[in-house]
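Visitor: I would like to go through this structure by asking about its side-chain contacts.
Guide: Go ahead; here it is.

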Amino acid sequence: MSRKADIRMRAPEYADDMTDAVQLARSVEAAGSISTVVLVEGVSDQVAVETLASRRGRQLAREGVAIVPMGGAMSFARFLREFGPQGLGLRLAGLCDEGEERFFEHALESAGAAGHVDRARMESLGFYVCVADLEDELIRSLGADRVEAVIAEQGDLASLRTFQRQPFQRERTRQQQLRRFMGVRSGRKAQYSRVLVEGLDLQRVPRPLDQLLERV
């Protein structure tokens, strides 16, 4: 197995262990195989980026691009230090949820980005914000009817209907119900990140995903 494939496949395993993640990145960088690191909050984001790249005929690992899930946006400052100009000096890009945007802004300012960092400045640096999160972006792009059809194809429609009948869910919009449904069971976000991206019209890709892949 090549070193490129190794970092791509093993990164989720080390998402909660900064020391191991950095040691792995350093060994790969030293071999000259990775030039760009894309920092994402979790494994579901990694799956979405890699799935879309594959649909567009790209092989990120061969291009020297590693998608690294950080185990949450609060880790961004540490990963930025280790992989960015103060550390390994790799080219960086990334993706975050709207609710975690402030962690990215503050970390980029602390790392020496010129001036105040807002969303526009973040994008100029290669970091993009999902509104409200990646699942919400995908649901809007596909439409609720198509998302429910995908859920049915996955054998989860009965579970969705039971979930929608819960008292607290009745006050939510259909889109809010679908978004919440994807986060209530371990592994479901990653599962649906893959199948929803596979079902996207490539002319209607959510802007943050589209811009991120254009960047790298």
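**Charged pairs and cysteines**

Guide: Arg 174 is partly exposed, with 34% relative accessible area. Keep in mind that this is a predicted model.

Visitor: With which residue does the side chain of Arg 174 meet in a salt bridge?
Guide: Arg 174 is in helix α10, and its partner is in helix α8, which spans residues 144-153. The two are 26 residues apart, so the pair links distant parts of the chain. The closest N to O distance is 3.2 Å, which falls within the 4 Å cut-off for a salt bridge. The partner is Glu 148.

Visitor: Is Glu 148 buried or exposed?
Guide: Buried means under 20% relative accessible area. Glu 148 has 9%, so this residue counts as buried.

Visitor: Which residues do salt bridges with shared partners join into one network?
Guide: Side chains of opposite charge can pair when their charged atoms come close. Here, salt bridges that share partners make one network, and its members are Asp 145, Glu 148, Arg 161 and Arg 174.

Visitor: Which residue forms a salt bridge with Arg 179?
Guide: Arg 179 lies in helix α10 (residues 174-181), and the partner is in the loop between β4 and α7, 46 residues apart. Arg 179 is partly exposed at 33%, whereas the partner is buried at 7%. The closest N and O atoms are 2.9 Å apart, and the partner is Asp 133.

Visitor: How many residues apart in sequence are the parts that Asp 210 and Arg 56 tie together?
Guide: The side chains of Asp 210 and Arg 56 meet in a salt bridge, at 2.6 Å from N to O. Asp 210 lies in helix α12, while Arg 56 is in the loop between α3 and β2, so the pair joins parts separated by 154 residues.

Visitor: How many salt bridges does the count come to?
Guide: The pairs discussed here include Asp 210 with Arg 56 and Arg 179 with Asp 133. The count for the structure comes to 13.

Visitor: Why is there no bond between the sulfurs of Cys 96 and Cys 130?
Guide: A disulfide needs two cysteine sulfur atoms within 2.5 Å. The closest cysteine sulfur to that of Cys 96 is in Cys 130, and the distance is too far for a bond because it is 7.4 Å.

Visitor: How many disulfides does the structure hold?
Guide: Cys 96 is buried at 1% relative accessibility, and Cys 130 is also buried, at 1%. Their sulfurs are too far from each other for a bond. The number of disulfides is zero.

Terms used
Residues numbered from 1 in each chain as written. Predicted model: local features only at pLDDT ≥ 70, side-chain atom pairs only at ≥ 80, totals over all residues. Heavy atoms only, no water. Buried < 20%, exposed > 50% of the residue type's maximum accessible area, 1.4 Å probe, protein only. Helix = DSSP H or I, 4+ residues; strand = E, 2+ residues; numbered from the N terminus.
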